[in-house]
Amino acid sequence: QVQLVESGGGLAQAGGSLRLSCAASGRTFSNYAMGWFRQAPGKEREFVAAISWSGGVMHYANSMKGRFTISRDNAKNTVYLQMNSLKPEDTAVYYCAAGQLGATTREYDYWGQGTQVTVSS
């Protein structure tokens with residue numbers, strides 16, 4: 001089992017920045033690729049970004065490229081999502097997940113409880 005706890009969400013203005021963190025415990029963190037997903041009210045959960053177990057490979061959803069950066073620190077069992085140039089449409093609950101590197105929820109076995117990000121215009 002892997003337990004994941006997200007933090008860092010909150011309220012930001014359009015154009016601003018937030019940094020999300022996801023702390024892992026349980027099984028060896030560095031065995032897993034990590035992903036970030038988000039879900040807005042009334043919408044399906046969508047892929048944001050993913051990073052390989054080593055941190056050497058990153059994938060981003062097209063709408064996040066150039067604005068969001070995923071990174072990880074295996075010594076701290078933590079994955080991060082730096083979000084810049086935020087837009088109101090980025091408002092959602094953001095989830096981190098552990099599993100296989102991929103862009104769909106099927107690749108991930110473990111999920112955090114989510115952290116709310118709200119971007120005001």
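**Exercise 1. The nonpolar core**

Which residues of the largest nonpolar core touch the most other members?

*Solution.* The structure is a predicted model, in which local features need pLDDT of at least 70, side-chain atom pairs count only at pLDDT 80 or more, and totals for chains, interfaces and linings use all residues. Residues are numbered from 1 along each chain as its sequence is written, and side-chain values use heavy atoms, with hydrogens and water left out.

Step 1. A nonpolar core is a set of buried Ala, Val, Leu, Ile, Met, Phe, Trp, Tyr and Cys residues joined through side-chain atoms within 4.5 Å. Buried denotes under 20% relative accessible area, exposed over 50%, and partly exposed in between (1.4 Å probe, protein chains only).

Step 2. The largest such core holds 35 residues, and those that touch the most other members are Leu-4, Trp-36, Leu-81, Met-83 and Tyr-94.

Step 3. Contact requires heavy atoms within 4.5 Å. Not counting residues up to four places away in sequence, the contacts of Leu-4 include Cys-22, Met-34, Cys-96, Tyr-110 and Trp-111. In soluble globular proteins, nonpolar side chains tend to be buried together.

**Exercise 2. The salt bridges**

Identify the salt bridges and state which residues they join into one network.

*Solution.* Step 1. A salt bridge is a side-chain nitrogen of Lys or Arg within 4 Å of a carboxyl oxygen of Asp or Glu. The count by this rule is three.

Step 2. Arg-38 pairs with Glu-46, with 2.6 Å between the closest N and O atoms. Arg-38 is buried at a relative accessible area of 6%, whereas Glu-46 is partly exposed at 35%.

Step 3. Arg-38 also forms a salt bridge with Asp-90, the closest N and O atoms being 2.8 Å apart. This pair links distant parts of the chain, 52 residues apart: Arg-38 is in strand E4 (residues 33-39), and Asp-90 is in the loop between strand E8 (78-83) and strand E9 (92-99). Strands are DSSP runs of at least two residues (helices, H or I, need at least four), numbered from the N terminus.

Step 4. Arg-67 and Asp-90 meet in a salt bridge of 2.8 Å, N to O. Because Arg-67 lies in the loop between E6 (58-60) and E7 (68-73) and Asp-90 in the loop between E8 and E9, this pair ties together parts 23 residues apart in sequence. Both Arg-67 and Asp-90 are buried.

Step 5. Through shared partners, the salt bridges join Arg-38, Glu-46, Arg-67 and Asp-90 into one network.

**Exercise 3. The open sheet and its loops**

Determine the strand order of the four-stranded open sheet and locate Asn-77 relative to E7 and E8.

*Solution.* Step 1. Two strands pair if DSSP finds at least two bridges between them. The order is E1-E3-E8-E7, with antiparallel pairing.

Step 2. Strand E1 (2-7) and E7 are at the edges, each with a single partner strand, so one side of each has no neighbour in the sheet.

Step 3. E7 and E8 are joined by six bridges, and Ile-70 stands opposite Leu-81 in E8.

Step 4. Asn-77 lies in the loop between E7 and E8. Although not a glycine, Asn-77 has a positive phi of about 55 degrees; its relative accessibility of 30% makes it partly exposed.

Step 5. Thr-78 lies in strand E8 and is buried at 10% relative accessibility. The residues that Thr-78 touches include Ser-21, Phe-29 and Arg-72.
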